[in-house]
Amino acid sequence: MFPAHLHQQSSQMTPYASGRDHSSSSLPALVSIRNIVRRYEPPEGVPITALNGVSLEIYKGEFLAVTGHSGSGKSTFLNLIGLIDEPSSGDIIINGRNTSLFNEKERTEFRLNALSFVFQSFNLIENFTALENIAFQLRLQGYSKRDAHKQAQETLNYLGLQDRARLYPRELSGGEQQRIAIGRALVKDSFLLLADEPTAHLDSKNSQNVMELLSQVNREFGRTIVLVTHETEETAFANHTVTFRDGRITSDERAETENSAIIRKTSYV
Ligand SMILES: Nc1ncnc2c1ncn2[C@@H]1O[C@H](COP(=O)(O)OP(=O)(O)O)[C@@H](O)[C@H]1O
Ligand SMILES: [Mg+2]
């Protein structure tokens, strides 16, 4: 059986109609980012304002793509939502909790239990097998070894990588390593899956596979994804795209989806 929380999430999920006007929706945003500023002040040299007043709402079930040129503030933004870094000012509210008020212990616990990360360089543990890399995530969260291994195996089956279970990262292709890293993010019952340029080290075929897997995870499990990418074609997988320029959002668009088209059509009948 696949991890219980994944079944639960998918069955409880209402299909997300991204074209809907959320401002009139009664559902609160899963993430509310309110006027965040992040200034870097190196001891020597000129201060840099990496983010200069960014506000954004992310709804449950969205696949958000954050795009823009190199240096526009994308990674800074993702690190702030991921509680890896703290804003100079402004608030980040996740699932109703103002994370700006967290102490260091609360930040660490929230990162461990409520957020999943997928990195450019995969970040698998080299001396753990594919199965152990996924199971380790569950062990950190207090699962027994038996349950962790069972769920890890089911996740590998879902990824179509069951025959790679006993291989080490160095024995796997980059594409396989990144899919295992996505599996590790997926087994965690997190609010958000955060990915910073996850295809940057992959060839085009593996990039396509990884993007399709993220899209599938979003559709099948209603997993909320924030993807940072400078590849504009990758924004086609998302249903909400924001563009950064010089630390500000210059566009914020929700895409048409089949669902939103159906909603609109029925309202004209
Ligand atoms: N730790 C840091 N110290 C100083 N400047 C930084 C640091 N991290 C990022 N910056 C600067 O902040 C700006 C935004 O960087 P970043 O968020 O990494 O952009 P992107 O991910 O869009 O390429 C850049 O000018 C970058 O040089
Ligand atoms: Mg970056």
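**Ligand 1 shell**

I started with the ligand: helix H2 gives the largest share of the shell around ligand 1, three residues. Worth keeping in mind that I am looking at a predicted model. I then listed the whole shell: Tyr-40, Pro-42, Ile-48, Ala-50, Gly-68, Ser-70, Gly-71, Ser-72, Gly-73, Lys-74, Ser-75 and Thr-76. Two elements give two or more residues to it, namely S2 and H2, the latter covering 74–81. By type, I get seven polar residues, four nonpolar and one charged.

**Ile-48**

One shell residue I followed up was Ile-48, which lies in strand S2. Is Ile-48 buried or exposed, or something in between? I find 14 C-beta neighbours inside 10 Å, so Ile-48 counts as partly exposed; buried would take 20 or more, exposed 12 or fewer. I also checked a pair far apart in sequence: Ile-48 and Gly-247 sit 199 residues apart along the chain, and 9.9 Å separates their C-alpha atoms.

**The sheet with S2**

Next I traced the sheet that S2 belongs to. It is an open one of four strands, ordered S2-S1-S4-S5, and the pairing is antiparallel. S2 (48–58) and S5 (97–98) are the edge strands, each pairing on one side only. At the S5 end I looked at the pairing with strand S4, residues 89–94: the two run antiparallel and share two bridges. Arg-97 in S5 is the bridge partner of Ile-94.

**Helix H6**

Then I moved on to H6, residues 174–187. I noted 14 residues and a reach of 20 Å from first C-alpha to last, close to the 20 Å expected at 1.5 Å a residue. How many residues of H6 are buried? The count is 12 of the 14, so H6 is largely enclosed by the rest of the structure. The buried ones include charged side chains as well as nonpolar ones; among them are Glu-176, Arg-179, Ile-180, Arg-184, Leu-186 and Val-187.

What do the buried residues of H6 pack against? I found two strands, S6 (115–118) and S7 (192–196), plus three helices: H4 (130–140), H5 (145–159) and H7 (204–221).

**Whole chain**

I finished with totals. The protein chain has 10 strands and eight helices. Of its 269 residues, 40% count as buried. For contacts with a separation of 6 or more, I get 73% between residues 24 or more positions apart.

Technical notes
Residues are numbered from 1 along each chain as its sequence is written. Chains are lettered from A and ligands numbered from 1 in the order in which they are written. This is a predicted model: local features need pLDDT of at least 70, side-chain atom pairs count only at pLDDT 80 or more; totals for chains, interfaces and linings use all residues. Two strands pair if DSSP finds at least two bridges between them. A residue is near a molecule or strand if its C-beta atom, placed from the backbone, lies within 6 Å of it. The expected span of a helix is 1.5 Å times one less than its number of residues. Two residues are in contact if their C-beta atoms, placed from the backbone, lie within 7 Å.
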